[in-house]
Amino acid sequence: MYNEPIFLQPEFKERLWGGTQLKEIFDYAIPFEQTGEAWCISGHHNGPNKIKNGPLEGQTLAEAWNDHRELFANEEGEEFPLLVKILDSKKDLSVQVHPDDTYARYVEGENYGKTECWYVIDSEDDAEIIFGHHAANKQDLEGMVANGEWENLLRKIKVNAGDFFYVPSGTIHAIGAGIQILETQQSSDITYRVYDYDRVGQDGQKRELHLEKSLEVTNVPHQDPSLERTQLYHEDLRKEKLVEEKYFSVYHWDLEGECKGLLTDPYLLLSVIEGQGEVVIEGRSYPFKKGDHLIIPATVDSFDLKGNASLIVSTSNKDK
């Protein structure tokens with residue numbers, strides 16, 4: 001019986017648009033001046049996290065998934081289904097879109113497409129995202145892309161800390177400059193660039209666009225998902241449901257004191273975005289702080305939380 005949380009070591013990614021806010025906000029030892037992403041809970045082959053504690057210390061989450069499926073309620077699938085990141089956009093990200101599962105499997109040979117969601121941790125004044133488009137039909141979309149009518153095509157929304165966006169596959173989107181978000185997504189690294197502001201990469205060349213595939217997978221017309229953020233209280237813990245859909249459910253937990261008898265249902269992914277506290281399992285305490293990421297495995301029946309902290313918590317709905 002594995003009866004403790006699984007703490008994970010973030011993997012950092014250098015990006016053209018990245019900065020240093022992951023160090024400033026979370027005190028991470030970032031390896032690049034342009035650190036754009038911390039992959040925090042990942043079994044993906046492009047950046048699996050190492051386990052920091054317990055019997056599996058030093059192994060990756062991918063290895064734990066393959067060899068100890070009981071930790072994940074014997075969920076089916078070739079790879080760990082979710083990926084949790086924190087992104088720092090010093091500059092605008094490219095305008096992009098992601099495929100669904102069917103397209104990803106048949107065209108890219110990957111297990112999962114990419115549906116994702118964003119919780120805004122912090123943002124500069126007047127920061128904005130691109131979320132969707134104004135094309136009425138496929139012909140309209142193709143024409144506006146071909147003619148470079150980006151200002152007319154792209155739909156922009158100003159954001160603030162605490163905002164939440166659900167981004168299904170097929171949604172044209174981009175994170176603007178000056179935003180830090182926690183992203184919960186399917187375990188996929190497939191991105192099709194629609195527009196990149198004519199920027200050049202380190203090789204001095206304009207970065208590749210993927211217009212044919214982008215046009216094939218984009219949802220037309222764009223429709224905003226219907227979300228209902230609901231809250232419930234469990235002792236000193238406020239649980240806010242941000243989204244519940246076919247791949248994952250995501251919650252914002254605010255802890256101010258103590259909460260006992262929490263269930264794993266069937267295993268939980270926890271990211272600490274503010275404060276500190278401890279997980280208590282059968283009388284044993286496991287401290288956590290801002291910037292920590294951990295999994296409460298299915299082999300833990302119940303646990304307690306103590307402290308003052310804000311967490312983003314997610315579950316896989318893949319087998320439900």
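# Reading the labels in a predicted model

Trainee: Why is Thr35 called buried?

Mentor: Thr35 has a relative accessible area of 0%. Buried means under 20%, exposed over 50% and partly exposed in between, with a 1.4 Å probe and protein chains only, so Thr35 is buried. This is a predicted model, in which local features need pLDDT of at least 70 and side-chain atom pairs count only at pLDDT 80 or more, while totals for chains, interfaces and linings use all residues. Residues are numbered from 1 along each chain as its sequence is written, and side-chain values use heavy atoms, without hydrogens and water.

Trainee: Where is Thr35 placed, and which residues does Thr35 touch?

Mentor: Thr35 belongs to strand 3, residues 35-41; strands (E, at least two residues) and helices (H or I, at least four) are DSSP runs numbered from the N terminus. Beyond four places in sequence, the contacts of Thr35 are Phe12, Lys13, Gly18, Gly19, Leu22, Ile30 and Asp88, contact being heavy atoms within 4.5 Å.

Trainee: What does the side chain of Thr35 reach?

Mentor: The side chain of Thr35 reaches the backbone oxygen of Phe32 at 2.7 Å. A polar contact is a pair of N or O atoms within 3.5 Å, one able to donate a hydrogen and the other to accept it within protein; residues adjacent in sequence count only if both atoms are side-chain atoms. The 2.7 Å from Thr35 to Phe32 is therefore within the limit.

Trainee: How do you know that Thr299 counts as buried?

Mentor: Its relative accessibility is 12%, and Thr299 is therefore under the cut-off for buried. Thr299 sits in the loop between strand 19 (293-296) and strand 20. A polar atom of its side chain lies 2.5 Å from the backbone oxygen of Tyr2.

Trainee: Why does Ile312 count as buried?

Mentor: Ile312 counts as buried because its relative accessibility is 3%. Ile312 lies in strand 20, residues 302-316, and among its contacts outside the sequence window of four places are Tyr119, Leu182, Leu242, Val250 and Ile273. Leu237 is 75 residues from Ile312 along the chain, with 13 Å between the C-alpha atoms.

Trainee: Is Glu282 buried or exposed?

Mentor: Glu282 is exposed, because its relative accessible area is 72%. This residue is in the loop between strand 17 and strand 18 (284-289). Its phi is positive, about 50°, although Glu282 is not a glycine.

Trainee: What makes Tyr197 partly exposed?

Mentor: Tyr197 has a relative accessible area of 30%, which falls in between the two cut-offs, so the label is partly exposed. Tyr197 lies in the loop between strand 13 (192-195) and helix 6, with phi near 60°, a positive value in a residue other than glycine.

Trainee: Why remark on a positive phi or a cis bond?

Mentor: Most residues other than glycine have a negative phi, and most peptide bonds are trans.

Trainee: Which residue follows Val220 in a cis peptide bond, and which follows Asp265?

Mentor: Pro221 follows Val220, with omega near -5°, and Pro266 follows Asp265, with omega about -20°. Pro221 is in the loop between helix 6 (211-217) and strand 14 (230-234). Pro266 is in the loop between strand 16 (248-263) and strand 17 (268-281).

Trainee: What is the volume of the largest pocket?

Mentor: About 590 Å³. A pocket is an open set of points on a 1 Å grid over the protein atoms alone, where a 1.4 Å probe fits and protein lies on both sides within 12 Å along at least five of seven lines; lining residues have an atom within 4 Å of a point. Points are joined across faces, edges and corners, and the volume is the space filled by probe spheres set on them.

Trainee: Which residues are the closest to the centre of the largest pocket?

Mentor: Of 29 lining residues, Arg15, Trp17, Glu37, Arg193 and Arg207 are the closest. Strand 2 gives the most to this lining, with four residues. The lining divides into seven nonpolar, 10 polar and 12 charged residues; charged means Asp, Glu, Lys and Arg, nonpolar means Ala, Val, Leu, Ile, Met, Phe, Trp, Tyr, Cys and Pro, and the others, Gly among them, are polar.

Trainee: Which residues touch the most other members in the largest nonpolar core?

Mentor: Phe72, Phe80 and Ile295, in a core of 39 residues. A nonpolar core joins buried Ala, Val, Leu, Ile, Met, Phe, Trp, Tyr and Cys residues through side-chain atoms within 4.5 Å. The contacts of Ile295 beyond four places in sequence include Pro5, Ile41, Leu61, Phe72 and Phe80.
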